[in-house]
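This briefing concerns the protein–DNA model shown below. It treats the symmetry, the sheet and the DNA surface in turn.

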Protein chains: 2
Amino acid sequence: MFLEALSNPHRLKIIAVLSEGRQYVSELARELGMSRPLLYLHLQKLEEAKLVSSSMEILESGKTAKYYMLNSFHLEINEEMISSLASTLTLKNKNT
Amino acid sequence: MFLEALSNPHRLKIIAVLSEGRQYVSELARELGMSRPLLYLHLQKLEEAKLVSSSMEILESGKTAKYYMLNSFHLEINEEMISSLASTLTLKNKNT
DNA sequence: TATACATGTAATAAAATACTTACATATGAT
DNA sequence: ATCATATGTAAGTATTTTATTACATGTATA
């Protein structure tokens, strides 16, 4: 769910950096001062939420790089929207 | 942070119910099929995020009741907004 | 007094997230 | 061959979040 994807400060930073342009994972990890495995985890969640996309490419150096880019998004969040979102959710309920 | 507050399905349901009108905790717990202590926890997070407010009142029966009501909100979420939000965040960084 | 129903919270358990360490593979340059 | 730098992921640990259980207090009613 996109709201869950946006609930972590690291992921917001990732979005902020990607909003300035696409970047590949290792370089992104350096810019954010974050370990690559951890960055992967966050990127995965952002990708599942369709907030970012990725593509494998070849750097000038000849090494392969996985580029991530930000998908443009625009959401209006208000009571009504949350209510209709809530009605689509299933949550394990003890009673019935 | 309001995005964290909105990242849990129970809390979205709470908002959905409260959007139909104010309600007191015990009754809300029954409507949601949720234990009161758990509901308290979620209501606290929503209140910290300023999404709901509460007030103690006396029921016709004479018992005191803590009413919760939804605060009206409207947020535009897009890359730009996330970027500026991200810049306000401090996150523990290993390297400087 | 016992029952019913309200608030409030402490202590604990369970589950989900976040994070680290370690290693594997591949390519190009020295 | 070794070094540097890329991807990818498994396994384990740590932390945070979520959830339960068990109480305490107060008021009105039977």
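Chain B superposes on chain A by a rotation of 180° with 0.0 Å of shift along the axis (RMSD 0.0 Å), the fit being least squares on C-alpha atoms of residues with pLDDT of at least 70 in both copies. That is the relation of a two-fold axis. In chain B, the C-alpha of B:Glu76 is nearest the axis, at 2.4 Å.

This is a predicted model: local features need pLDDT of at least 70, side-chain atom pairs count only at pLDDT 80 or more, and totals for chains, interfaces and linings use all residues. Residues are numbered from 1 along each chain as written, chains are lettered from A and ligands numbered from 1 in the order written, and side-chain values use heavy atoms, without hydrogens and water.

**Sheet of chain B**
- Three strands (DSSP E runs of at least two residues) form an open sheet in the order β1-β3-β2, with antiparallel pairing (at least two DSSP bridges between paired strands).
- β1 (23-24) and β2 (52-58) of chain B stand at the edges, each with a single partner strand, so one side of each lacks a neighbour in the sheet.
- B:Tyr24 has B:Tyr67 in β3(B) as its bridge partner.

**DNA strand D**
- Strand D is surrounded by 25 residues (a heavy atom within 4 Å); among the closest are A:Arg30 and A:Arg36.
- Of the strand D atoms within 4 Å of the protein, 64% belong to sugar and phosphate.
- α4(B) supplies the largest share of this surface, five residues.
- A phosphate oxygen of strand D lies 2.7 Å from a side-chain N or O atom of B:Lys45.

Methods. Helices (H or I, at least four residues) and strands (E, at least two) are DSSP runs, numbered from the N terminus. A polar contact is a pair of N or O atoms within 3.5 Å; within protein, one must be able to donate a hydrogen and the other to accept it, and residues adjacent in sequence count only if both atoms are side-chain atoms.
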